[in-house]
Every structure is written in structure tokens, then in C-alpha cells.
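This briefing introduces a structure to a reader who has not met it before. Please consult the sequence and the three-dimensional view below while reading.

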Amino acid sequence: MYPTDDDIKEYLNKRLESLEETIVQQQCVNDIKSYLNVSLDSLEDTIIRQQTNKDFVDPAHNCSHIRHCNPGATSGYYWLQSSPDYAVRVFCDMERVCGCD
């Protein structure tokens, strides 16, 4: 017995629905990959800006310099110039900085 035209149409419609679902799922996967790539690119850009000192205007040379320029500075994290192109975030214990009292 051979399939009828209706049987063939039903099979093809089911196959088409399955393919459409696969396409939608693949599009979702692609959207997620794109989002993750953009997020990673943004994170990498942030790290590069921090490492190349583009976001930090005139970071101090050391903790004593911060305390000298701002006698009321409290202990905490500050950006210090580690080289002409880089700044690093360090903890400055202002109570132990020499020559400030």
C-alpha cells in the first residue's frame, strides 16, 4: 500500500514544523553567542582601558603622594601609576604612610 497524498502532506508538514523549530533554536543559540561575544568584548575593552590608563586621570605615584596632596585621605584602594602606560589598583594604609603626620 502506498501513502496517500494526505499522508505525504501530513508528513511534510510535520517535517517542516520540526525544521522551523530547529531554525528557531539555532537562532536563539546564535543570539546567545552574539550576546556573550559582545559581553566578552566589552569586558576585554574595560580591562585594556584599565591597563593602558585611559580611564584614569593622573594617578598618583605612591600612597605618600596621595596623602601629601590630600591630608584627609583615608585608607582604601587607589590607582597608582606603575609605568607610563599602566596603572594598578592598590590598598593604601594611610595610617602607616611615612612622613604624613
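The points that follow move from the overall make-up of the chain to its individual side-chain contacts.

The structure is a predicted model. Its chain has 101 residues, of which 14% count as buried. Two helices and two strands make up the secondary structure, and the order of these elements from the N terminus is α-α-β-β.

**Surface and contacts of the chain**

- The accessible surface of the chain amounts to about 8,500 Å². Carbon and sulfur atoms contribute 55% of that surface.
- Among the contacts in the chain with a separation of 6 or more, 36% are between residues 24 or more positions apart.

**The helices**

- Helix H1 spans residues 5-51 and contains both Glu 10 and Lys 14.
- Helix H2 covers residues 63-69, and Arg 67 has its place there.
- The side chain of Arg 67 reaches the backbone oxygen of Pro 71, at 3.1 Å.
- Arg 67 has a relative accessible area of 15%; this residue therefore counts as buried, the limit being under 20%.

**The strands**

- Strand S1 comprises residues 76-83 and strand S2 comprises residues 86-92. The two strands pair in the antiparallel sense, over seven bridges.
- Together S1 and S2 form a hairpin, with two residues between them.
- Within this pairing, Leu 80 stands opposite Val 88 in S2.

**The salt bridges**

- A search of the whole structure finds two salt bridges.
- One of them links Glu 10 with Lys 14, where the closest N and O atoms are 3.3 Å apart. These partners are four residues apart in helix H1, which corresponds to about one turn of the helix.
- Glu 10 is partly exposed, with a relative accessible area of 43%. Lys 14 has a value of 52% and is exposed, because exposed residues are those over 50%.
- A salt bridge also joins Arg 96 and Asp 93, with the closest N and O atoms 3.4 Å apart.
- Arg 96 counts as exposed, at 69% relative accessibility, whereas Asp 93 counts as partly exposed, at 26%.

**Points to locate in the view**

- In helix H1, the pair to find is Glu 10 and Lys 14.
- In helix H2, the residue to find is Arg 67, whose side chain may be followed to the backbone oxygen of Pro 71.
- In the hairpin of S1 and S2, the facing residues Leu 80 and Val 88 may be sought.

Conventions
Residues numbered from 1 in each chain as written. Predicted model: local features only at pLDDT ≥ 70, side-chain atom pairs only at ≥ 80, totals over all residues. Heavy atoms only, no water. Salt bridge = Lys/Arg side-chain N within 4 Å of Asp/Glu carboxyl O. Buried < 20%, exposed > 50% of the residue type's maximum accessible area, 1.4 Å probe, protein only. Polar contact = N/O pair within 3.5 Å; in protein donor to acceptor, adjacent residues only side chain to side chain. Pairing = 2+ DSSP bridges. Contact = heavy atoms within 4.5 Å. Areas by Shrake-Rupley, 256 points an atom, 1.4 Å probe, with all protein chains shown as cover.
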